[in-house]
Amino acid sequence: MLIRVVAVGTRMPAWVGAAVDDYLKRLPAGFTVEMREVRAEARSSSGSAAAWMQKEAARIEAALPAGSRIVALDERGRDLDTQKLAARMRAWQEDARPVAILIGGPDGLDPPLKARADETIRLSSLTLPHPLVRVLLAEQLYRGWSILAGHPYHRD
């Protein structure tokens, strides 16, 4: 199974990469999670959020695996607990397509790109900083795998 996380933003603190790598290296061969960063559009007083998100969407689309299931992260997305995320991961695995999980930039995801998503989920009802979203997502993907594999990491 391939899950590619495509995230807008390229200048994350070192602790983000260390934490994400720690969770992702625990996954077994055959359950691959890749992190792909795409450049955020430079914000200025003369631009608009719609234009910036549209340019970022083009970069996101270029990073998507061919034929992938698109899962957008959005604050208005479906709220899943950890067990339900694991169930979604099982469904993605059975679908046998690569999965692309999208993390938008400072203004979120371009509305047409978000509308194209096969599903939209949220990690929290809270507003989270982008670096923390990457770490939280990596941990939850690992936790979801541990549930599916019967690994003792997750405890109810």
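## An aromatic cluster and the buried side of α1

The charged end of Arg 26 sits over the ring of Tyr 142, with 5.3 Å between that charged end and the ring centre. This is a predicted model, and Tyr 142 is a good place to start exploring. Tyr 142 belongs to an aromatic cluster together with Tyr 23, Trp 145 and Tyr 153.

**The aromatic rings**

- Three aromatic pairs are found in the structure.
- In one of them, Tyr 142 and Tyr 153 have ring centres 4.7 Å apart and planes at 70 degrees, and because an angle over 60 counts as edge-to-face, that is how this pair is classed.
- Tyr 142 lies in helix α5 (residues 130-149), while Tyr 153 is in the segment after α5; the two are 11 residues apart, and their pair links distant parts of the chain.
- The partners differ in burial: Tyr 142 has 5% relative accessibility and so counts as buried, whereas Tyr 153, at 22%, counts as partly exposed.

**Helix α1 and its two sides**

- Tyr 23, a member of the aromatic cluster, is also one of the buried residues of helix α1 (residues 14-24), alongside Val 16, Val 20 and Leu 24.
- These buried residues span an arc of only 95 degrees around the axis, so they fall on the same side of α1.
- A general point about geometry helps here: an α-helix has 3.6 residues a turn, so residues three or four places apart point the same way.
- Ala 14 and Asp 21 are exposed on the other side of α1.
- Strand β2 (32-38) and helix α5 are among the elements that cover the buried residues of α1.

Notes
Residues are numbered from 1 along each chain as its sequence is written. This is a predicted model: local features need pLDDT of at least 70, side-chain atom pairs count only at pLDDT 80 or more; totals for chains, interfaces and linings use all residues. Side-chain values use heavy atoms; hydrogens and water are left out. Rings of Phe, Tyr and Trp (its six-membered ring) pair if their centres lie within 6.5 Å; planes under 30 degrees apart count as stacked, over 60 as edge-to-face and the rest as tilted. Helices (H or I, at least four residues) and strands (E, at least two) are DSSP runs, numbered from the N terminus. Buried means under 20% relative accessible area, exposed over 50%, partly exposed in between (1.4 Å probe, protein chains only). A charge sits over a ring if NZ of Lys or CZ of Arg is within 6 Å of the ring centre and within 35 degrees of the ring normal. The arc is that of the directions from the helix axis to the C-beta atoms. Contact means heavy atoms within 4.5 Å.
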